Amino acid sequence: MTYNVPEIAWAPLAPIIIVLVAGAIGVLLGAFIRTVAVRRTAQLQLSIVALIAALFAIVWQWVAIESGGVVVLNTMIYLDRQALAWQFLLVVFAIGGVALFADRGKEDEDPFTPLGSVAPGSSEETVARRKGLAVTEVFPLALLATGGMMLFATVNDLVFLFVALELFSLPLYILVALARRRRLLSQEASLKYFLLGAFSSAIFLFGVALLYGATETTGMREMLGLYHPERHTLVLLGLFMVLVGLLFKIGAVPFHLWVPDAYQGAPSAVTAFMAAATKAAAVAALARLSYLVLYRFAWDLNWVIWTVAIASMVFGTVLAIVQTDVKRMLAYSSVAHAGFILVAFAGFSPLALSALPFYLATYGIATLGAFAVVTQVRELTPDGAVGAEATRLGQWAGLGKRSPLLAVAMSLFLLSFAGIPLTAGFVGKFVVFRAALEQGAWPLVVVAVLASAAAVFFYIRLAVLMFFTDAPDDTSPRVEVRATGIGRGVAIVAAVIVLVLGVMPSGALDLADDAGVLLAPAAVTGG
C-alpha cells in the first residue's frame with residue numbers, strides 16, 4: 001500500500017498560518033517567560049504584529065488573485081475573494097478585540113481574573129491578585145480563535161468545517177469564564193455556552209454523518225454531483241442538522257439561549273470580540289453552504305430560513321425592549337440582527353454574497369465600539385475604588401454630561417443598530433433587504449422593517465437616558481466613567497467608521513461587490 005502525500009499550496013494559506021503559528025508561539029511564551037509583565041507585553045506585541053501581518057497578507061492576496069481564486073488541498077479550501085473578505089473582517093475584529101483585552105485603567109487592572117483555575121472568591125484568587133498575577137494566555141487564545149474562524153470562513157468540506165468550528169469554539173468557552181469581577185456569573189455563562197455549544201456541535205456532526213451516508217462525500221462541491229433522489233429525505237435531514245449547528249453560532253431563535261448569558265457573563269472585551277467575530281464566521285460558512293448546496297433544496301428548506309428569520313427578529317426585538325441590563329439588551333439586539341442577516345438568504349439571491357460581508361462589517365464595528373464604551377462605565381466600591389461595570393440602564397443616566405464623547409459614540413452605535421440614515425447600519429440593512437426583495441421575499445422584508453421600527457424604542461431609550469436624564473444623587477453604588485486610552489480609542493475609531501460608512505459607503509460597497517463571487521461555480525464549469 002502506498003500513501004501519496006498531498007501537495008499543499010501553502011502560500012494562499014499564509015494569513016491563517018501566520019495567526020495560528022503566532023497563537024502557538026504565544027502559548028510557548030507563557031511556558032518560558034516567568035515574569036508576568038514581560039510575558040504579557042511579549043504576548044500582546046506578538047498578537048498585534050501577527051494580526052497586522054495577516055491583514056497585509058490578505059490584502060496582498062486580494063490584489064494578486066486571478067481567475068476567481070485558488071483551490072487548495074484538493075478542493076477542501078477555496079481561496080476566493082468571498083473568503084478573503086471574511087478573513088479581512090475577522091482579523092479587523094480580532095485587532096479590536098485584542099486591543100480591548102489589553103485595556104487597563106489607572107488601577108492597572110485588566111478585565112481578566114488573575115488565576116482562572118481556582119474557585120471565585122477563594123483565598124488562592126485573593127493571593128494571586130495581591131501578587132499581581134495575570135492570565136496572559138488570553139492573547140494566544142484570541143489568536144487561535146481567530147485562526148479557527150478564518151478557516152471556518154474558507155473550507156468547503158464539512159468534516160474540515162467541524163474541525164474549524166471546534167478550533168475557534170474551545171478558546172471562546174475559556175475566555176468567557178475569565179471575568180475579573182462577577183466570577184460566578186462568568187463561570188455559569190461559560191458552562192452554559194460550553195454545554196449548548198457541545199450539543200449543537202453534536203447535531204452538526206450527526207448531520208455530516210447523514211450526508212456522508214447519503215452521498216458518500218463530505219465535500220460541499222461534490223455533494224450535488226453524487227445526489228440520488230431516492231435518498232432525498234436523508235439528505236434533507238442531514239442538511240437541516242448542519243443548518244442547526246450554524247444557526248446556533250449565529251445566535252438565531254430558537255438556538256439563541258446561550259447569547260444573553262454569555263454576553264452578560266463574559267468580560268466585555270471578550271463579548272465584543274465574540275459578538276462581532278463569531279457571527280461573521282458563522283454567516284460566512286452559512287453563505288458558502290447555501291450557495292454550494294442548499295440552493296438546490298430551496299423548495300424544501302426555505303421555510304426553515306423564513307421561520308427562523310421571523311422568530312429571531314420578533315423575539316429578539318420584544319425581549320430587548322423589556323431588558324434593564326445594557327449587555328443583555330445588546331445580546332437580544334444581536335438575536336434580532338441574526339434575523340435581519342437571514343433575510344438576505346431568502347431565495348438565495350446572488351446579491352446576498354456581496355450584501356452579507358458589508359452588513360457584518362457594519363454590525364461588527366458598531367458592536368466592538370458599543371462594548372468598548374460599556375467597559376468604561378464602572379461602579380465605585382464603598383472605598384472609592386473602581387469596581388464592576390455599571391450595566392443597569394438607570395446607571396447610564398447623565399452619561400452625556402459626564403463623558404460627552406463616549407455618550408455621542410454610544411449613540412452613534414445605537415443609531416447604527418437601529419438602521420437610522422447616515423449611519424453604517426442603515427446602508428447594511430438596505431443592501432440586505434434589497435437582496436431579499438430581488439427574490440420576491442417582500443413579506444420577510446415587511447416584518448424586518450416593522451421589527452427595525454420597534455427596535456428604535458430601546459435604542460433611543462438608552463440615548464435619552466444618557467443625554468436628557470440627570471443622574472440621581474443617591475445612586476448606590478456610585479458610577480464613574482473610567483477614562484482609558486485604548487478603550488476610548490477603539491470607541492472613537494469605531495464611531496468614525498460607522499459614520500463614514502453611513503455617509504460615503506460607495507467604496508466599501510464596491511469592494512463587497514468584488515467579493516460577491518464564489519470560486520466554486522467557476523470551478524464546476526471549468527472556469
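Me: Which residues does Ser 312 touch, not counting residues up to four places away in sequence?

Reply: Ser 312 touches Ala 252, Val 253, Thr 317, Val 335, Ala 336 and Gly 339, where contact means heavy atoms within 4.5 Å. This is a predicted model, in which local features need pLDDT of at least 70 and side-chain atom pairs count only at pLDDT 80 or more, while totals for chains, interfaces and linings use all residues. Residues are numbered from 1 along each chain as its sequence is written, and side-chain values use heavy atoms, with hydrogens and water left out.

Me: Why is Ser 312 called buried?

Reply: Buried means under 20% relative accessible area, exposed means over 50%, and partly exposed lies in between, with a 1.4 Å probe and protein chains only. Ser 312 has 0% relative accessibility and therefore counts as buried. Ser 312 lies in helix H12 (residues 298-321), where helices (H or I, at least four residues) and strands (E, at least two) are DSSP runs, numbered from the N terminus.

Me: What makes the link between Val 253 and Pro 254 a cis peptide bond?

Reply: The peptide bond that joins Val 253 and Pro 254 has an omega of about 5 degrees and is cis. Pro 254 is placed in the loop between helix H9 (232-250) and helix H10 (258-265), and Val 253 is also one of the residues that Ser 312 touches.

Me: How do you know that the span of helix H1 agrees with its number of residues?

Reply: The expected span of a helix is 1.5 Å times one less than its number of residues. For the 19 residues of helix H1 (residues 14-32) this gives 27 Å, and the end C-alpha atoms are 26 Å apart, so the two agree.

Me: Which residues of H1 are buried, and what puts them on the same side?

Reply: The buried residues of H1 are Pro 15, Ile 16, Val 19, Ala 22, Gly 23, Gly 26 and Gly 30. They cover an arc of only 135 degrees around the axis, which puts them on the same side of H1; the arc is that of the directions from the helix axis to the C-beta atoms. An α-helix has 3.6 residues a turn, so residues three or four places apart point the same way. The buried residues of H1 pack against helix H2 (36-64), helix H3 (81-101) and helix H5 (138-152).

Me: What makes H16 mostly covered, and how does its span compare with the expected one?

Reply: In H16, 11 of the 15 residues are buried, and the helix is mostly covered; among them are Leu 406, Met 410, Phe 413 and Phe 417. Helix H16 (residues 404-418) should span 21 Å, and its end C-alpha atoms are 21 Å apart, which agrees. After H16 comes Gly 419, with a positive phi near 80 degrees.

Me: Why is the pair of Glu 125 and Arg 183 called a salt bridge?

Reply: A salt bridge is a side-chain nitrogen of Lys or Arg within 4 Å of a carboxyl oxygen of Asp or Glu. The side chains of Glu 125 and Arg 183 meet at 2.1 Å, N to O, and the pair therefore fits that rule. The pair links distant parts of the chain, since Glu 125 is in helix H4 (residues 123-130) and Arg 183 in helix H7 (residues 183-215), 58 residues apart. Glu 125 is buried, with a relative accessible area of 3%, and Arg 183 is buried too, at 5%. By this rule the count comes to 10 salt bridges.

Me: How do you know that the salt bridge of Arg 182 and Glu 379 ties together parts that are apart in sequence?

Reply: The side chains of Arg 182 and Glu 379 meet at 3.6 Å, N to O. Arg 182 lies in the loop between helix H6 (158-176) and H7 and Glu 379 in strand S3 (residues 377-380), so the pair ties together parts that are 197 residues apart in sequence. Arg 182 is partly exposed, with a relative accessible area of 40%, whereas Glu 379 is buried, at 13%. Arg 182 also has a positive phi of about 50 degrees, although it is not a glycine.

Me: Why is Glu 216 called exposed?

Reply: Glu 216 has 58% relative accessibility, which is over the 50% cut-off, and so counts as exposed. Glu 216 is placed in the loop between H7 and helix H8 (220-223), and has a positive phi of about 60 degrees although it is not a glycine.
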